[in-house]
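This briefing looks at ring contacts, burial and strand pairing in one structure. Please keep the sequence and the 3D view open while reading the points that follow.

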Amino acid sequence: MAPERAASRGSALGLLVRTESRPGVLHQLTGVIAHLGGDITWVVILGGGERVNSVFFEIRGLPTLAPLIEELRALPAVIDVTEEQTHRRVFGKRVIIMGGGAQVGQVAVGAVAEADRHNLRGERISVDTIPLVGESALAEAVLSASRLPRARVLVLAGALMGGEIEAAVRKVRERGLVVITLNMAGSVPGAADLVVTDPIQAGVMAVMAIAETARFDVSKLRKRIY
């Protein structure tokens with residue numbers, strides 16, 4: 001097991017539980033966590049075999065996981081329990097880039113270079129990309145981006161986007177996701193928080209928008225198109 005870490009009531013702790021695959025196991029696990037006063041902020045069932053599941057929790061509200069680990073290990077279905085680093089601590093906030101392959105690649109160049117600069121100063125910012133074509137496919141991906149854990153900013157890179165994609169952009173912005181687009185044809189630029197002509201600069205500005213080590217606030221910009 002990883003060395004035990006103490007945390008404030010507001011800090012999340014990571015917990016990986018390997019269990020037998022059977023109905024009701026997740027209910028048993030969450031029941032123990034709730035009984036001890038833990039607040040589950042994120043949970044995911046990881047790939048396992050047909051007979052074994054791995055469930056990863058991020059939990060707030062507990063100063064230490066030691067009592068929780070002891071109680072979970074007492075459950076008949078539990079095989080093993082280990083304390084792990086949270087995904088926020090390891091991978092941090094996420095920049096999501098989607099659209100045409102060539103444009104996505106150029107945005108990623110700027111985002112990765114800028115993220116590296118901030119991560120060297122203690123930040124944790126990761127960059128995810130997916131080249132996609134087609135209005136429906138992109139609209140579905142945009143809507144899904146707001147459900148991704150730790151996703152803070154979405155960059156749409158392409159030459160023409162509108163219709164269903166525009167509607168999806170407006171919805172995810174209402175959910176708190178910052179949306180940056182390249183200066184392209186179609187109605188999507190009119191729905192975004194920020195429009196940037198140069199793809200490399202778009203990637204740089206996306207990282208700056210969520211970096212705590214940068215003094216850059218999209219909502220305070222006097223211009224919306226660059």
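**Aromatic contact and strand pairing**

In this predicted model, the count of aromatic pairs comes to one. The two rings belong to W42 and F56, which meet edge-to-face with 6.2 Å from centre to centre and 70 degrees between their planes. Because W42 lies in strand β2 (residues 39-46) and F56 in strand β3 (residues 52-60), the pair ties together parts that are 14 residues apart in sequence.

**Burial of the two aromatic residues**

- W42 has a relative accessibility of 25% and therefore counts as partly exposed, since the partly exposed class lies between the limits of 20% and 50%.
- F56, its partner in the edge-to-face pair, is buried, with a relative accessible area of 4%.

**Pairing of β2 with β3**

- The strands that carry the two rings, β2 and β3, run antiparallel and are joined by seven bridges.
- Among the residues involved in bridges, I45 has V55 in β3 as its partner.

**Pairing of β1 with β3**

- Strand β3 also pairs with β1, again in the antiparallel sense, and this pairing extends over eight bridges.
- One of the bridge partnerships involving β3 links E20 to V52, the latter being the residue in β3.

**G14 in strand β1**

- G14 is placed in strand β1 (residues 13-20), and this glycine is buried, with a relative accessible area of 0%.
- Although G14 and E58 are 44 residues apart along the chain, their C-alpha atoms are separated by 4.6 Å.

Note on methods:
Residues are numbered from 1 along each chain as its sequence is written. This is a predicted model: local features need pLDDT of at least 70, side-chain atom pairs count only at pLDDT 80 or more; totals for chains, interfaces and linings use all residues. Side-chain values use heavy atoms; hydrogens and water are left out. Rings of Phe, Tyr and Trp (its six-membered ring) pair if their centres lie within 6.5 Å; planes under 30 degrees apart count as stacked, over 60 as edge-to-face and the rest as tilted. Helices (H or I, at least four residues) and strands (E, at least two) are DSSP runs, numbered from the N terminus. Buried means under 20% relative accessible area, exposed over 50%, partly exposed in between (1.4 Å probe, protein chains only). Two strands pair if DSSP finds at least two bridges between them.
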